[in-house]
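Colleague: Before we get into details, could you walk me through the labels you put on this model? I'd like to hear how each one is justified.

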Amino acid sequence: MSWIDQFPGLSRLPDGIRSYLLEESKIVTVPANTVIFGPGKSPESLLLLLDGTVRVQQTSDAGREIVLYRVHAGESCVLTTACLLAYEDYSAEGIAETETRAVAIPRMVFDKLVSDSVEFRQFVFTAYSKRITDLFFVIEEIAFQRMDIRLAHKLIELADGKDTISSTHQKLSVELGTAREVISRQLSEFQRRGWIEQSRGTIRLINPDPIAKLAQS
């Protein structure tokens, strides 16, 4: 069993294409907090994640950051795919949140397989379309959903069944694509209602039920 079998779309590749992909690709390891790509740089390869998480974020001209999406094990980066297909440079940056192990498929190999292999092409565009749908969801959230609902949802997600979250107001503002002051005001309101307690770098959910209820509204 090879790394190809971690990606259902690739496991259907014919033997010849499969062997070519295995021979021409290489496995790379990236330390946590490494900037893997950034604005103005052109992609040299398509990365398929085997382990770890990569955060893709964008910074506005005013300096405000927003997390666009995360790439997890078994996934590829839609921005890299788009840049490879269009021969364009990156417009955002990708940062390894954890130590990350990935398969690097060189641009030349990517181009050849997209052209020659129906199965590889389907794999690329299926992953691409799914992530584009996710991005539209992010845009919809930012444009139309109330901040208190989005923040409640993020707190429940980060807590993951626990009662303590290690995060700062700044990090939450980046996650939700808003100003730090907006997050601070909303957290203060949650605290006034008796839902949370705050200390430096930590948020404790002391009454998570109304937060969960708000997140689902």
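**Cores, sheet, cysteines and a helix**

Modeller: Sure, starting with the core: the largest nonpolar core has 20 residues, and Trp3, Leu10, Leu21, Leu48, Ile105, Phe110 and Phe120 touch the most other members. This is a predicted model, so local features need pLDDT of at least 70 and side-chain atom pairs count only at pLDDT 80 or more, while totals for chains, interfaces and linings use all residues. Residues are numbered from 1 along each chain as its sequence is written, and side-chain values use heavy atoms, with hydrogens and water left out.

Colleague: What makes a set of residues a nonpolar core?

Modeller: The members are buried Ala, Val, Leu, Ile, Met, Phe, Trp, Tyr and Cys residues, joined through side-chain atoms within 4.5 Å. Buried means under 20% relative accessible area, exposed over 50%, and partly exposed in between (1.4 Å probe, protein chains only).

Colleague: Which elements supply at least two residues each of the largest core?

Modeller: Those are α1 (15-24), β3, β7, α3 (107-116) and α4. α3 gives the most, with 4 residues. Helices and strands here are DSSP runs (H or I, at least four residues; E, at least two), numbered from the N terminus. Apart from this core lies another, of 19 residues, among them Ile149, Ile203, Leu214 and Ala215.

Colleague: And what is Ile105 in contact with?

Modeller: Contact means heavy atoms within 4.5 Å. Leaving aside neighbours within four places in sequence, Ile105 is in contact with Leu21, Ser25, Ser45, Leu46, Leu48, Phe110 and Phe120.

Colleague: Why do you say that β1 and β7 pair?

Modeller: Two strands pair if DSSP finds at least two bridges between them. β1 and β7 (residues 100-106) have 5 bridges, in the antiparallel sense, so by that rule they pair. One of the partnerships is Val28 with Ala102 in β7. On the β3 side, 6 bridges join β3 to β7, again antiparallel, and Leu47 stands opposite Ala104.

Colleague: What order do the strands take, and which are the edge strands?

Modeller: The 3 strands form an open sheet in the order β1-β7-β3. β1 (26-30) and β3 (45-51) are the edges, since each pairs on one side only. Even so, β3 is mostly covered, with 5 of its 7 residues buried.

Colleague: How do you know that Cys77 is in no disulfide?

Modeller: A disulfide is a pair of cysteine sulfur atoms within 2.5 Å. The closest cysteine sulfur to that of Cys77 is in Cys83, 8.0 Å away, so the two are too far apart for a bond. By this rule the count comes to 0 disulfides.

Colleague: Why are both of those cysteines called buried?

Modeller: Because Cys77 has 7% relative accessibility and Cys83 has 4%, and the limit is under 20%.

Colleague: What makes Thr81 buried?

Modeller: Thr81 has a relative accessible area of 3%, so it counts as buried too. Thr81 lies in helix α2 (residues 78-86), and its contacts beyond four places in sequence are Leu46, Ser76, Phe110, Val124 and Tyr128.

Colleague: How does the span of α5 compare with the one expected?

Modeller: The expected span is 1.5 Å times one less than the number of residues. α5 (residues 147-159) has 13 residues and reaches 18 Å from its first C-alpha to its last, close to the 18 Å expected. Among its buried residues are Met147, Ile149, Leu151 and Leu155, and what covers the buried residues includes α4 (118-144) and α7 (180-192). Just after α5, Asp160 takes a positive phi of about 50°.
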